[in-house]
Every structure is written in structure tokens, then in C-alpha cells.
Amino acid sequence: MMRRTTTTALAAALLCGGLVQAAGASALKIQLRADIRSINPGVNRDANTDGVVVQMVEGLVAYGEDALPKPLLAEKIDISPDGKSYTFTLRQGVKFHNGAPLTAADVLWSWNRYMDPKTDWRCLSEFDGRGQVKVEKISAPNDKTVVFELDKPSALFLSALARTDCAMTGILHKDSIKADGAFDKPVGTGPFKFAEWKRGEYIKLERFADYASLPGKIDGLTGAKKPLVDEVRFLVIPDNSTAKAALLKGDIDVVPDIANTDIAELKKNDKVKTSVVTSMGLVGLIIQTRDPLLQNVKLRQAIAAAIDSKELVGAVTDGIGSPNNSIVPALSAYYGPVQKQGWKYDPATAKKLLAEAGYKGEKIVMLANKRYPESFDAAVVAQQMLQAIGLNVEIEVLEWATQLDRYSKGNYQMQAFPYSGRMDPALSYESMTGPKDKQPRKLWDNPEVQALLDKSMVVNDKAERQKIFDELHKRFIAEVPMVMLYNGIVGGAMGAKTQGYVSTLSSLPRAWEVSTGQ
């Protein structure tokens with residue numbers, strides 16, 4: 001029944017008058033797993049919403065392919081010697097969807113709107129002093145210059161501005177707001193502009209003819225962003241099998257996120273093409289270092305030595321993924337020679353470490369869930385490898401919400417666990433590092449490590465930050481608060497005639513620089 005319903009909804013969306021394209025017009029049709037929540041950037045949002053909004057709005061900076069924040073609406077960024085003042089020089093020739101030129105006054109208006117609690121912006125707490133930094137003042141010395149003054153230096157200020165769940169802190173024109181103060185629609189500077197939203201069925205965007213693209217190549221959410229089609233249609237198709245069938249039939253052009261097994265299958269089909277990249281997400285085996293048994297570092301080291309990461313990752317990702325034992329994601333600009341050095345698969349050493357730890361066959365329970373199939377499969381394969389060296393490991397399968405609650409309370413011995421992606425390595429480490437007494441969900445409670453992490457959040461110099469992340473990695477490998485396995489995988493599929501579509505590390509669809517061959 002569900003498949004019939006979703007297929008009917010798809011047919012209705014494709015045939016609906018609002019989606020009938022003009023003669024000679026080109027349209028790119030992209031699947032959405034669920035309807036968006038709003039068109040108000042960074043407000044009442046989820047990942048589906050973000051994927052649509054980033055086509056329409058842009059911020060001063062955006063993430064590049066290496067997960068570094070880079071200029072987008074800004075032409076250049078100057079940071080004061082004390083790290084507390086950021087001066088953005090705006091690009092020339094940028095226009096809003098209503099034809100108005102971008103000025104510093106628009107940046108100030110947008111910022112003040114975001115910082116008004118009534119707006120209910122997702123990322124208000126990141127900049128009002130509750131998060132890593134507080135913006136104490138923003139000013140515009142002239143039409144092309146904006147200055148942000150912070151309460152303290154922060155290496156994460158630009159990264160926070162670029163976050164997609166913040167809608168890249170997108171700069172809007174005042175026309176986005178109705179006369180009564182209510183939000184109307186996003187009048188941004190992006191390559192596509194809002195046209196229509198039929199709830200539960202589709203969102204229609206139109207090409208912005210006056211879009212001012214950066215030169216050069218595509219670079220994540222910045223770089224070249226030319227709109228090559230007249231319309232983009234995001235079609236709500238919850239059922240992935242229905243979406244795959246529609247792709248093979250030619251009814252849609254892009255399925256942005258498909259299962260690993262489907263990627264392997266579709267790679268053999270000449271009717272479609274696939275695009276696979278690693279994401280910033282982390283998948284691994286987390287360990288409760290306060291557990292009476294697992295507080296012994298030699299036992300944790302034995303667990304790491306017993307895991308054949310290459311074999312495990314190949315098995316659970318259908319040969320698509322690559323092992324990564326570092327908390328720094330492989331796509332990060334900070335992933336270097338040190339991060340490539342992980343644990344060596346060595347069953348003999350693992351058994352020796354078990355003996356030195358005084359292990360006598362005590363049971364270890366590993367929690368898992370089936371909501372995330374690759375994570376569950378990782379638990380099963382890891383269990384076999386750990387049992388092979390003599391560890392008595394049992395798997396307990398829980399509902400995801402229950403497992404998450406156990407994680408939050410620190411109530412477990414081990415878990416096969418996925419972390420959502422963070423663009424900056426400091427935030428990846430922060431997700432797992434901290435005092436367990438105050439935050440039981442934290443894995444790694446080490447004051448020296450915390451001090452290094454705190455420093456990485458202040459220092460802006462890339463070389464100095466690299467040294468910090470190198471030291472954190474070496475300590476992570478030695479102390480084993482988690483057996484990091486691999487980064488998440490983003491796999492998309494497109495019709496054979498679709499040109500230029502590439503999956504992104506942010507897991508969001510990208511409609512610019514894509515054509516349909518029409």
C-alpha cells in the first residue's frame with residue numbers, strides 16, 4: 001500500500017499543472033525523502049529543508065570540498081592580529097533575486113534579524129555568548145565592508161557562519177519579509193529563486209538569470225555555482241524503491257542519497273550513473289572507559305588490534321568505503337600523514353595484551369541498532385573478530401532511541417555508534433571529549449586532551465592547528481576511547497543524460513552546474 005501511495009503521489013506531482021514546464025525549458029527533478037519544514041532560512045528546519053534552502057541563499061562564507069570555510073559573498077576576509085575582529089569585503093556585482101545589489105546594509109539587516117530571538121534562528125546560541133563565541137558588535141564602514149567584533153578569538157567563527165543548518169547565515173533582502181513583519185519567501189543571492197511549494201508534493205525553484213557565479217571550479221558550497229537548468233523541482237518521494245524505479249524510468253533525474261547496496265546494483269546499470277563521496281560522519285565502536293573491565297587501557301588496545309579495519313569496512317559498505325582510524329575525517333584539510341597512521345591489525349599482539357590486562361573471559365555487551373544498517377553490520381563483523389582473539393562479546397540490539405538514551409547516560413560497555421558530521425576537526429573531537437561527571441555521553445575524559453582541544457578552538461593559524469590535531473590523534477590511538485572505523489558515505493544516482501551532478505560531503509543535493517541533456 002505504501003508503495004502504491006508514493007507512486008501515486010509521484011505521478012500526481014509530475015503531472016500537476018504547477019510542474020508542467022514551458023516548451024523548450026529544461027528542468028532538473030530531484031528526490032526529497034520528506035517534505036521541507038519551511039522556506040525560512042535556518043528557521044524550523046531539518047536536513048531536507050537545508051538541501052532546498054542552500055540553492056536559494058548564500059552567506060559570506062561557505063564550506064569548500066576540504067571542509068574549510070571559504071569566501072562566497074565575501075571577496076576577502078581580514079582577521080585582526082588579536083583574532084577578535086573579522087573584516088569582510090563584499091564581492092562586486094552580486095544581486096538579489098529582486099534585482100537589488102548586495103550591500104553591507106543588507107548584511108547588517110540580515111544579521112540583526114537572525115540575532116532577534118523572535119526570529120527563532122537555529123544558530124542564535126552560537127553567536128550570543130552561549131556557544132563558542134559572542135559577536136559583540138557588527139558595523140559597516142562603507143557599502144562594501146562589514147566588520148564583526150568578537151568577545152574573544154575563535155578558530156570556529158567562520159565555520160559557524162558556514163554551517164548549513166544555519167542556512168550558511170544566508171544574506172537576505174528586506175523584501176523577504178511582509179509588511180506585517182511575517183516571513184514571506186527567501187529573496188537571496190543564490191543560483192535559484194523560489195517559485196512554488198505544494199506541501200507534501202514538490203518545491204519548484206527557477207533559474208536566477210542574473211546570478212553572479214564565482215570563477216573557477218565547483219568547490220563544495222562555494223566556487224562555481226552557475227544555474228544550467230531553467231527549473232529545479234524537488235519531488236517528495238519518501239520510499240526509496242519508488243524513487244529508484246522513477247530514476248530508472250526517467251521520471252526523475254537525481255536520487256541524492258541511496259543505500260550502499262543500491263549503489264553497487266546501479267553501478268552495473270547503463271541507464272544511470274552514480275557519484276560516491278565520503279562524508280564527515282564518524283562510524284565506530286565506542287567504549288565506556290569507566291567500565292570496571294574496559295577502564296584497563298591494555299584491554300582497549302587489544303580490542304583495537306583485533307579489528308581488521310579494511311576487511312570490516314569493505315564488508316559493511318559493500319566495498320565502497322575506506323577505513324579511517326582518525327577522528328579527523330578523510331576529506332578534511334587537516335587529514336594528513338599523522339592521521340593516516342592507525343591501529344595495526346595484529347591478533348597475536350591482541351591476545352598478548354589480553355593476557356597482560358588479566359582478562360578472564362568476562363562478558364562484554366556491545367549495543368547496536370538496525371535503524372542504521374551499516375552500523376549494525378559493523379557490530380556483527382567486529383563481534384566475530386573480537387571473539388576470534390578470545391573476547392566474550394555479545395550484541396544487544398536496541399531501538400535507536402533507547403540506544404541513544406543509553407549513550408547519553410554513559411550506560412553501556414561498548415556500542416556500534418554513528419556520529420553525524422562536523423566540518424571542523426575541533427568539533428569532531430568535541431563531540432566525544434570532555435568531563436564525564438558533567439557530561440556522561442563523553443567518551444574521552446582527559447584534562448590534557450581537553451586543554452589541547454580548547455587551544456584548537458582559539459588558534460587560527462592552520463599549521464599550528466595541524467600540530468594540535470596531530471597530537472590529539474596520537475593520544476587517541478594510544479588511549480583508545482573509541483575504535484574509529486570509517487567515515488560515512490554519501491552515494492547519489494542520476495539519469496544517464498544528467499551531466500555534472502556530484503555528491504557532496506555535506507550530504508545535501510546540489511542543483512547548480514548540473515544539466516539534464518534536454
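This is a short chat about a predicted model of one protein chain.

User: How many helices and strands does the protein chain have?

Analyst: The protein chain has 14 helices and 18 strands. Both are DSSP runs numbered from the N terminus, with at least four residues (H or I) for a helix and at least two (E) for a strand. Residues are numbered from 1 along each chain as its sequence is written. Because the model is predicted, local features need pLDDT of at least 70 and side-chain atom pairs count only at pLDDT 80 or more, while totals for chains, interfaces and linings use all residues.

User: How compact is the protein chain?

Analyst: It is as compact as a globular protein of that length, because its radius of gyration is 24 Å, close to the 24 Å that the globule rule gives for 518 residues. The radius is taken over C-alpha atoms, and the rule is 2.2 Å times the number of residues to the power 0.38.

User: Ok, sheets. What order do the strands of the four-stranded open sheet come in?

Analyst: The order is β4-β5-β7-β6, with antiparallel pairing. Two strands pair if DSSP finds at least two bridges between them.

User: Why do β4 and β6 each have one side without a neighbour?

Analyst: β4 (74-79) and β6 (135-142) stand at the edges and each has a single partner strand, so one side of each has no neighbour in the sheet.

User: And how many bridges join β5 and β7?

Analyst: Strand β5 (residues 85-90) and strand β7 (residues 145-150) pair over five bridges. Y86 has F148 in β7 as its bridge partner.

User: Which helix packs on that sheet?

Analyst: Helix α3 (residues 104-115) does, touching β5, β6 and β7. Contact means heavy atoms within 4.5 Å.

User: New topic. How much space is in the largest cavity?

Analyst: About 40 Å³. On a 1 Å grid over the protein atoms alone, a cavity is a set of points where a 1.4 Å probe fits but cannot get out, and lining residues have an atom within 4 Å of a point. Grid points are joined across faces, edges and corners, and the volume is the space filled by probe spheres set on the points.

User: What lines the largest cavity?

Analyst: L60, V107, W111, F148, L161, M168, T169 and I171. F148 is also the partner of Y86. By class, the lining has seven nonpolar, one polar and no charged residues. Ala, Val, Leu, Ile, Met, Phe, Trp, Tyr, Cys and Pro count as nonpolar, Asp, Glu, Lys and Arg as charged, and the others, Gly among them, as polar.

Note on methods: Heavy atoms only, no water. Axes fitted to C-alpha atoms, helices over the stretch in contact; angles between N-to-C directions. 1 Å grid on protein atoms, 1.4 Å probe; cavity = no way out; pocket = protein on both sides within 12 Å on 5 of 7 lines; lining within 4 Å.
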